[in-house]
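Here is a friendly walk through some helix packing, backbone details and internal spaces. Keep the structure open beside the text as you read.

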Amino acid sequence: MSAAEHQRPFENRRLLVVSTNYAPELTGIGPYATQLAEHWAASGARTDVLTGMPHYPAWRVDERYRGVWRREESRQGVRVHRRRHYVPPRQTALRRGVFEASVLVHGILAPPPGRPDAVISQMPSLAGGVIGARLARRHRVPHIPVVQDLMGAAAAQSGIRGGGRAAAVAAKAERHALRDATLVGVIHESFVEGVTALGVDPARIRVVPNWTHVKGPSADRAATRARLGWAGGTPVLLHSGNMGLKQGLDVLTGLARLAPDIRVVLMGDGNQRDGLRERAAGLPNLDFLPPADPDDFTDVLAAADVLAVTQRASVLDMSVPSKLTSYFVSGRPVVASVAGGGGTADEVRRSGAGVLVAPEDPAALLAAVRRLAADPVAADALGARGPQYVAQHLSREAGLARFDALLTEALGHAAAGSMRTGDTRGGARR
């Protein structure tokens, strides 16, 4: 294979990516779906994306898209097909169900035109997985769902109202989306057991970890702290990202009450933000910041003393927060208030860039933060392991290469199936 062929391995292929989240969303799975689609477009493929209206993490439709039913855009060589859907202002199982149903109906009724060679679906969205499965079956092409979250487990573990009743329904939808997939990608090995329990042969599961999609910090740390109003002698504990139920962020408001000498910063958005602000009323050492601009994001992370990742004690095998990749690249130590048996704890241990404490325990979290604040040399050494881990395991190049391999393998299965069945159109055997 020539150098040019190696750089454009999917020349003349047509790929469809189904992801409810996409650019201009800057957090969650949106950046991963965006970079993946743009990478394949640059690799020579005609790449279409079926997605929703930008709404995450605020759970409010971006004002530029309000009132829009359908829109087609061209972004970095990718054809983006947006379809309107319901966006719940508050999370309950019923509201989430209506959200998924609206995504499903509009996506099935108005898919992008043309026949793809493969369909790749991102699955924290049940609807996205079901749409991907249906379109792949319709066109008899490979379906490659990528499990970013297990929504059935999420419904049971996250504390959402009505979650217990929704868990069985969500698991049924996941089983439907995954059962006939050519290959199934999971972002962490802790998901393998849950995906296998949904009826997927372990031989069809591939681990494709998320990568760091942000650049490292570049600004002077002291200058950034001064700009943000963070005093040099005051330890800053920062949480960045979605403020939802599964994060269990009350542990941070509890810490702020216990330790008025520590500044606690919640940066981001989410459906629990307003409730957290109400419960934090009267705490002068707790600040709420909007999501940082992309060019400033890791500089703000690096200006903190300690970075917090928190989850409810019940969250075990349904999610590995994407914020960890950004935390690691910032070079600051991480304190993870999470269940010790989950994928998040596994990733923190593997990186060597953080410490674990019991979830939903403000006193335990405070004790860890105080230890790091009292020994800045040790804290710096701990944080320095994050960029090293990123360089070795979580680079964008390595992440995209794993997806290239996943797609190549799936297309190979389709070609082999065509040869066995005599179908010259290249459809995968079902």
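Right after α12 comes Gly331, a residue with a positive phi near 85 degrees. Please bear in mind that this is a predicted model. The helix that Gly331 follows is worth a look in its own right: α12 runs over residues 323-330. Is α12 largely enclosed or not? Of its 8 residues, 8 are buried, so α12 is largely enclosed by the rest of the structure. Those buried residues are Lys323, Leu324, Thr325, Ser326, Tyr327, Phe328, Val329 and Ser330.

One partner of this helix is α15, which covers residues 376-393. Two packed helices are described by the angle between their axes and the distance between the axes. Here the axes of α12 and α15 come within 6 Å and cross at roughly 115 degrees. The crossing of α12 past α15 is left-handed. On the α12 side, Thr325, Phe328 and Val329 make the contact, and α15 answers with Gly386, Pro387, Tyr389 and Val390. By class, the residues of this contact are 5 nonpolar and 2 polar, with no charged residue. Thr325, Phe328 and Val329 also appear among the buried residues of α12.

Now for the backbone, where four spots deserve a visit. They are gathered here with their angles.

| Site | Feature | Angle |
|---|---|---|
| Ala23 to Pro24 | cis peptide bond | omega near 15 degrees |
| Tyr56 to Pro57 | cis peptide bond | omega near 10 degrees |
| Asn12 | positive phi, not a glycine | phi near 70 degrees |
| Gln76 | positive phi, not a glycine | phi of about 50 degrees |

Where do these sites sit along the chain? Asn12 belongs to the loop between α1 (3-7) and β1. Pro24 is in the loop that joins β1 (14-18) to α2 (30-42). Pro57 can be found in the loop between β2 and β3 (70-75), and Gln76 in the loop from β3 to β4 (78-83).

Are the two residues with positive phi buried or exposed? The cut-off for exposed is over 50% relative accessible area. Asn12 has a relative accessibility of 70%, so it counts as exposed. Gln76 is at 63% and therefore counts as exposed too.

Pro57 leads us on to the second largest pocket, which has a volume of about 410 Å³. Its lining has 20 residues, and the closest to the pocket centre are Tyr56, Pro57, Ala58, Asp62 and Pro291. Both residues of the cis bond from Tyr56 to Pro57 are thus on that short list. The lining of this pocket divides into 10 nonpolar, 2 polar and 8 charged residues.

Finally, the enclosed spaces. How many cavities of 30 Å³ or more does a search of the whole structure find? The search finds 2. The largest cavity holds about 90 Å³ of space. Its lining is formed by Val18, Ser19, Thr20, Leu50, Thr51, Gly52, Arg83, His85, Val103, Gly107, Gly128 and Ile131. Which elements supply at least two of these residues each? They are β2 (46-51), α3 (93-109) and α4 (126-139). In the lining of the largest cavity, 4 residues are nonpolar, 7 are polar and 1 is charged.

Note on methods:
Residues are numbered from 1 along each chain as its sequence is written. This is a predicted model: local features need pLDDT of at least 70, side-chain atom pairs count only at pLDDT 80 or more; totals for chains, interfaces and linings use all residues. Side-chain values use heavy atoms; hydrogens and water are left out. On a 1 Å grid over the protein atoms alone, a cavity is a set of points where a 1.4 Å probe fits but cannot get out, and a pocket is an open set with protein on both sides within 12 Å along at least five of seven lines; lining residues have an atom within 4 Å of a point. Grid points are joined across faces, edges and corners, and a volume is the space filled by probe spheres set on the points. Ala, Val, Leu, Ile, Met, Phe, Trp, Tyr, Cys and Pro count as nonpolar, Asp, Glu, Lys and Arg as charged, and the others, Gly among them, as polar. Helices (H or I, at least four residues) and strands (E, at least two) are DSSP runs, numbered from the N terminus. Axes are lines fitted to C-alpha atoms, for helices over the stretch in contact, and angles run from 0 to 180 degrees between N-to-C directions. A crossing is left-handed if the near helix is turned anticlockwise from the far one by less than a right angle, and right-handed if clockwise. Contact means heavy atoms within 4.5 Å. Buried means under 20% relative accessible area, exposed over 50%, partly exposed in between (1.4 Å probe, protein chains only).
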